[in-house]
Amino acid sequence: MNTQQAVLTIVVAACFFLSVVALSKGGKEEGNRQFGLMTFLAGCWAIVSFFEEERVVFYIKIFLVRADFLIALLLSILFLSFSQKFAKFELGKQLRLIVLCLNITTAVLTLTPLVITGVFDKGGGQISIMNGELFAIYAVVIFLNFLLGIYALIAGYLKSNGVRKRQLYYVSLGLVFTIVIAVSTNIVVPQILQVSSLVPRIGIYSMLIYLATTTFAITQHGLFNIKVIATQLFVGLLLLAILGRILTSDTMLDIVYESVLFCMSLLFGFFLVRSVNSEVERREEVEVLAKEKTAALGEVEERNKNLA
């Protein structure tokens, strides 16, 4: 395993780990489910972006490139939706309807030659993407999603206070840095200059900024319950180990076997974290009830003393 494969393994495992963390709490908060899906797609995006630069047959390469652009669009949509839910700031109904129609249309067009006409392999890990007639529309829509999402986060930040304000600050800071670097290295720069495979992969590695700031918000400001961090860490390390075995497998049979094991472990980790989290929540509810009972008994005793 070379350096780039090792970094890819760490980034993807971290994405899937945070996805399990978010989805384990997603039953109650829609924002957590959106964050979980967004983080999972970020891991998939990293894998697709990495392997589209590898030596594969043409029809697989063009499929990976179009999948790359489609996942980027889906990430921008989820970012917009998550930003509104997390910041508790909703855009106008008519604007949301317009954005929804634009995104559905653009998602369909991304799978056609109208956005990506083809891919030319220059050799040496370099590819040239041939834009379609409607590529500009794709770029405008994805930029609009990010712009509106950032606007929602800023508006929510200005209206919030206390812990919520600190959460929004750290999550927003990480997201903004990641978006700027990822979009620049994966979309903008390759359209202007001839670059090696290293430049687009910088966008993959930039997700570490987002993961670091989000993790800081988790551990320092209670975005998720810190009492289940140990279980989440165990699941993350397990997924990291299996993913490393997938990337270092020599035969297709080993890859299929490790992939099935990875999916089963991901499902196991999801239910394990959710179970531990539910247990912690029930224990906290019992503690709250016990405190309320103690306070009530104290009031009764105080009243009895006054009556006596």
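1. pLDDT is the predictor's confidence in each residue, on a scale from 0 to 100. The structure discussed here is a predicted model, and its chain averages a pLDDT of 76. A score of at least 70 is reached by 74% of the residues.

2. Confidence varies along the chain. Helix H4 (residues 93-110) has the highest value, at 89. Helix H8 (residues 207-221) has the lowest, at a mean of 65. H8 also supplies at least two residues of the lining of the largest cavity, a point to keep in mind when reading points 6 and 7.

3. On the overall fold, the chain holds 10 helices and 2 strands. The order of elements from the N terminus is α-α-α-α-β-β-α-α-α-α-α-α. Of the 308 residues, 44% count as buried. Among contacts in the chain with a separation of 6 or more, 71% are between residues 24 or more positions apart.

4. Ser-76 sits in helix H3, which spans residues 58-87. Is Ser-76 buried or exposed? The relative accessible area of Ser-76 is 0%, so this residue counts as buried, the cut-off being under 20%.

5. The side chain of Ser-76 has two polar partners to report. One is the backbone oxygen of Leu-73, reached at 2.5 Å. The other is the side chain of Asn-145, with which the Ser-76 side chain makes a polar contact at 3.0 Å. Leaving aside residues up to four places away in sequence, Ser-76 touches Ile-142, Asn-145 and Phe-146. Helix H5 covers residues 135-159.

6. Searching the whole structure for cavities of 30 Å³ or more gives 3. The largest cavity holds about 250 Å³ of space. Its lining comprises 17 residues, and those closest to the centre are Trp-45, Leu-75, Phe-146, Thr-178 and Ile-179. Phe-146 is thus named twice in this note: as a contact of Ser-76 and among the residues closest to the cavity centre.

7. Which helices each supply at least two residues of that lining? They are H2 (30-51), H3, H5, H6 (162-192) and H8. The most comes from H6, with 6 residues. By residue class, the lining divides into 15 nonpolar and 2 polar residues, with no charged ones. Thr-178, listed among the residues closest to the centre, belongs to the polar class by the convention used, because threonine is in neither the nonpolar nor the charged list.

Key
Residues numbered from 1 in each chain as written. Predicted model: local features only at pLDDT ≥ 70, side-chain atom pairs only at ≥ 80, totals over all residues. Heavy atoms only, no water. Helix = DSSP H or I, 4+ residues; strand = E, 2+ residues; numbered from the N terminus. Buried < 20%, exposed > 50% of the residue type's maximum accessible area, 1.4 Å probe, protein only. Polar contact = N/O pair within 3.5 Å; in protein donor to acceptor, adjacent residues only side chain to side chain. Contact = heavy atoms within 4.5 Å. 1 Å grid on protein atoms, 1.4 Å probe; cavity = no way out; pocket = protein on both sides within 12 Å on 5 of 7 lines; lining within 4 Å. Points joined across faces, edges and corners; volume = space filled by probe spheres on them.
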